[in-house]
Amino acid sequence: MTSTQRIAFLKGHGTENDFVIVPDPDGRLDLSAAAVARICDRRAGVGGDGLLRAVRSAVHPEARAQAGEAEWFMDYRNGDGSVAEMCGNGVRVFARYLLHAGLVEAGDLAIATRAGVRRVHLAKSGDVTVAMGRAELPEEGVVVTLGGRSWPARNVSMGNPHAVTFVEDLAHAGDLYTTPPFSPAAVYPDGVNIEFVVDRGPRHVAMRVHERGSGETRSCGTGACAVAVATARRDGLDPAATGTPVTYTVDVLGGSLTITELPDGTVEMTGPAVIVAEGSFEPEWLTGALGA
């Protein structure tokens with residue numbers, strides 16, 4: 001890359017979980033963690049909870065095995081530049097970008113991620129439904145301690161790790177700028193997303209979340225899925241046992257998501273995804289970011 005080359009980006013969000021989207025179909029960009037953090041900086045960069053690099057699966061070493069199922073790979077990075085396995089809101093925004101760019105048509109498509117291929121349905125209404133895979137419920141959980149209070153947290157994996165804790169008031173979560181303390185730390189050696197949950201009504205909850213690598217975000221798609229599954233088990237509901245799907249509305253700070261767990265264990269998430277802007281990086285600034 002020379003200092004005169006401009007590289008395009010877009011900005012999008014899903015229930016106000018926002019992302020910088022960098023089209024890189026041929027996999028030519030080498031974005032270091034420091035460069036991603038600089039791009040996602042809300043004062044010195046474009047600003048975002050994370051970055052979505054759009055790469056053809058066939059040219060990315062982590063996605064080549066998935067190329068037969070999914071043409072496009074979502075290379076997702078947290079706002080601090082760290083690599084993450086999955087991002088539910090990110091998948092919806094990624095799918096919306098592919099439609100916006102004319103790379104796919106409305107309807108069904110597949111997207112490769114580090115957590116496996118995700119099946120997506122792009123509705124003409126604007127909503128995007130993602131088959132997020134099956135939740136795993138490891139036996140070992142943790143205790144979250146914050147502000148003199150402690151709560152047990154349910155261990156849920158949606159391809160990335162979550163600790164779901166039920167509280168009396170979402171204000172008990174504090175400011176969530178830093179990771180809430182939990183123990184034993186060995187349960188999550190690579191860090192964890194921590195959700196604080198309150199009841200709003202029948203099959204209706206609200207949550208706040210600290211996302212590892214990003215701090216508190218306005219929404220977390222995988223977190224909403226983990227919350228719905230954990231709440232269903234708390235309520236004594238298991239679609240695999242009853243043969244009946246279970247649906248919860250999960251309110252996040254940026255809106256609401258609809259989460260359905262099917263009898264085969266698949267968790268589906270439905271919500272909006274919006275592209276809000278397009279632009280290009282200033283060549284000199286980007287060169288500095290890439291060289292960071």
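Me: In this predicted model, how many bridges join strand 5 to strand 6?
Reply: Strand 5 covers residues 107–113 and strand 6 covers residues 116–122. The two strands run antiparallel, and a hairpin of two residues links them. The count of bridges joining strand 5 to strand 6 is seven.

Me: And which residue in strand 6 is the bridge partner of Gly107?
Reply: Gly107 belongs to strand 5, which spans 107–113. Strand 5 runs antiparallel to strand 6. Over in strand 6, the partner of Gly107 is Leu122.

Me: Moving on to strand 7, which residue there stands opposite Val120?
Reply: Strand 7 takes in residues 127–134 and pairs with strand 6 in the antiparallel sense, over four bridges. Opposite Val120 in strand 7 you'll find Val130.

Me: Which residue takes a positive phi in the hairpin of strand 6 and strand 7?
Reply: That hairpin has four residues between its strands. One of the residues in the hairpin has a phi near 110°. The residue with that positive phi is Gly126.

Me: Strand 7 also pairs with strand 17, so to speak on its own account; how many bridges are there?
Reply: Strand 17 is made of residues 266–272, and it runs antiparallel to strand 7. Thr129 stands opposite Thr270 of strand 17. The number of bridges in the pairing of strand 7 and strand 17 is six.

Me: What is the bridge partner of Glu261 in strand 17?
Reply: Strand 16 and strand 17 are antiparallel, with four bridges between them. Their hairpin has four residues between the strands, and Gly265 in it takes a positive phi near 95°. As for Glu261, the bridge partner in strand 17 is Val267.

Me: OK, helices. How far apart are the end C-alpha atoms of helix 2?
Reply: Helix 2 runs over residues 88–100, which makes 13 residues. At 1.5 Å a residue, a span of 18 Å is expected, and the model agrees with that. The end C-alpha atoms of helix 2 are apart by 19 Å.

Me: Is helix 2 largely enclosed or exposed, and how many of its residues are buried?
Reply: Buried here means under 20% relative accessible area. Among the helix 2 residues that qualify are Val91, Val93, Phe94 and Leu98, along with Arg92 and Arg96. Helix 2 is largely enclosed by the rest of the structure, because the buried count out of 13 is eleven.

Me: Which residue with a positive phi follows helix 2?
Reply: The phi in question is near 75°. The residue that follows helix 2 with this phi is Gly102.

Me: Why does Ser219 count as buried?
Reply: Ser219 sits in the loop between strand 14 (215–216) and helix 3. The cut-off for buried is under 20% relative accessible area. Ser219 makes the cut because its relative accessibility is 0%.

Me: Which side chain makes a polar contact of 2.8 Å with the side chain of Ser219?
Reply: The Ser219 side chain makes a polar contact with the side chain of Thr15, at 2.7 Å. Asn89 is one of the buried residues of helix 2. The side chain joined to Ser219 at 2.8 Å is that of Asn89.

Me: How many of the 14 residues of helix 3 are buried?
Reply: Helix 3 has an expected span of 20 Å, and its end C-alpha atoms are 20 Å apart, which agrees. Its buried residues include Cys225, Val227, Val229 and Thr231. Helix 3 is mostly covered, with a buried count of twelve.

Me: What about empty space: what is the volume of the second largest cavity?
Reply: Helix 3, strand 15 (246–252) and strand 16 (255–261) each supply at least two residues of its lining. Ala228, Tyr248 and Ile259 are among the lining residues, and by class the lining has six nonpolar, one polar and one charged. The volume of the second largest cavity is about 40 Å³.

Me: And what is the volume of the largest cavity?
Reply: The search of the whole structure finds two cavities of 30 Å³ or more. The largest is lined by residues including Tyr76, Met86, Cys87 and Arg212, and its lining has four nonpolar, three polar and three charged residues. The volume of the largest cavity is about 70 Å³.

Conventions: Residues are numbered from 1 along each chain as its sequence is written. This is a predicted model: local features need pLDDT of at least 70, side-chain atom pairs count only at pLDDT 80 or more; totals for chains, interfaces and linings use all residues. Side-chain values use heavy atoms; hydrogens and water are left out. On a 1 Å grid over the protein atoms alone, a cavity is a set of points where a 1.4 Å probe fits but cannot get out, and a pocket is an open set with protein on both sides within 12 Å along at least five of seven lines; lining residues have an atom within 4 Å of a point. Grid points are joined across faces, edges and corners, and a volume is the space filled by probe spheres set on the points. Ala, Val, Leu, Ile, Met, Phe, Trp, Tyr, Cys and Pro count as nonpolar, Asp, Glu, Lys and Arg as charged, and the others, Gly among them, as polar. Two strands pair if DSSP finds at least two bridges between them. The expected span of a helix is 1.5 Å times one less than its number of residues. Buried means under 20% relative accessible area, exposed over 50%, partly exposed in between (1.4 Å probe, protein chains only). A polar contact is a pair of N or O atoms within 3.5 Å; within protein, one must be able to donate a hydrogen and the other to accept it, and residues adjacent in sequence count only if both atoms are side-chain atoms.
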